[in-house]
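Biologist: Please take a close look at one helix pair in this model and describe how the two helices pack.

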Amino acid sequence: MKSKTLSNIILLVSFIGVLFLAACGSNESSENNEGNQEEKETSNNTEVIMQSEMGEVTIPANPENIIAPYHEDALLALGVTPVAKWAIGNSIQQYLEEDLKDVPKIEWNLPIEQVLSQEPDLIILENAIQNYEGSYEEYSKIAPTYVMSEETTKDWRKQIEVFGEMLGMQDKADQVLNDYDQKVEDASKELSNTIGDESAAIIWVMGDKFYLFEHNRHSAGVLYNELGIKQPALIEELGDATEEWNPISIEKLSELDADHVFLLAEEGQQGVETLKNSSVWQATKAAKNNHVYQINDPSNWTNKGLIASEKTIDDVLQALE
């Protein structure tokens, strides 16, 4: 994790949210330094040698106990269940719990004792390893440790490609990415028929505060860049997301001219009642037309990954059907 990633984690912990992007490794023998491999035969199976940010790593054949904190989305997309799941205290990636409910938690900064207790045979780390509790050398003594590149940290597609290469599942990686692209294409056509060129916005309610998603914040990229939903003028004015994410006032929300609003709010958030009782909010286009859709599980909307994106698309289609 870079310092920016760490800042985002600190921000989202205070929101009981999550942010920690995933990444992959590079290969010095390829032109783009991303994840090429060479194989060598062992007595029983095939190991994979890959170039990571900390040098060459031999990936064991068919690893069963994988620790890859915050990268569970990419592993699960390939049909691989990790031996432990990322957590910050009691906060987890809730949208993955259907698959991970029986998997024990491991703290995001990977305390050595917790890693040892899981007996991993493969550890996958973010590239800024100084933000973990242990050192690369300490983790490497426990199990082969692959340190991912910064480039892929921001691209979940690359995560799947490199994980597939690492685990000998290239065909599976290609399949799930192609299936996702088809899902996006189908959803885009459906939305073209249902809302046409109408605009939409995403607001996250935490307590009595409101956070408006910029065009590239978390799942907003799915809406605007993949599904092609139009951005309202206020979103365009916000520009790119930054490290600091400040709440927006109801008075400023009065300028939101979105035709549709996805309101991310778990049950019991005071902000939902505040909006219902606000004449300023009720005067906005989306509220007047009853086009505000409350999403009670914000977790996939506040993450990036194949499964997170698929669930976000499903939420959008269900809300706008």
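Modeller: The answer below covers the helix pair, with a short note on the whole chain.

This is a predicted model, in which local features need pLDDT of at least 70, side-chain atom pairs count only at pLDDT 80 or more, and totals for chains, interfaces and linings use all residues. Residues are numbered from 1 along each chain as its sequence is written, and side-chain values use heavy atoms, with hydrogens and water left out.

The chain holds 15 helices and 13 strands, taken as DSSP runs numbered from the N terminus (helices H or I, at least four residues; strands E, at least two). Of its 321 residues, 54% are buried, meaning under 20% relative accessible area with a 1.4 Å probe, protein chains only.

The pair is helix 7 (residues 156-166) and helix 8 (residues 170-194), whose axes come within 7 Å and cross at roughly 155°. Axes are lines fitted to C-alpha atoms over the stretch in contact, and angles run from 0 to 180 degrees between N-to-C directions. Helix 7 and helix 8 are therefore roughly antiparallel, the term for angles over 145 degrees. The crossing of helix 7 with helix 8 is right-handed, that is, the near helix is turned clockwise from the far one by less than a right angle.

On the helix 7 side, Trp156, Arg157, Ile160, Glu161, Gly164 and Glu165 make the contact; their partners in helix 8 are Gln170, Ala173, Val176, Leu177, Tyr180 and Asp181. Contact means heavy atoms within 4.5 Å. By class, this contact has 6 nonpolar, 2 polar and 4 charged residues, with Gly counted as polar.

Note on methods. Angles under 35 degrees count as roughly parallel, over 145 as roughly antiparallel, 65 to 115 as roughly perpendicular and the rest as oblique. Buried means under 20% relative accessible area, exposed over 50%, partly exposed in between (1.4 Å probe, protein chains only).
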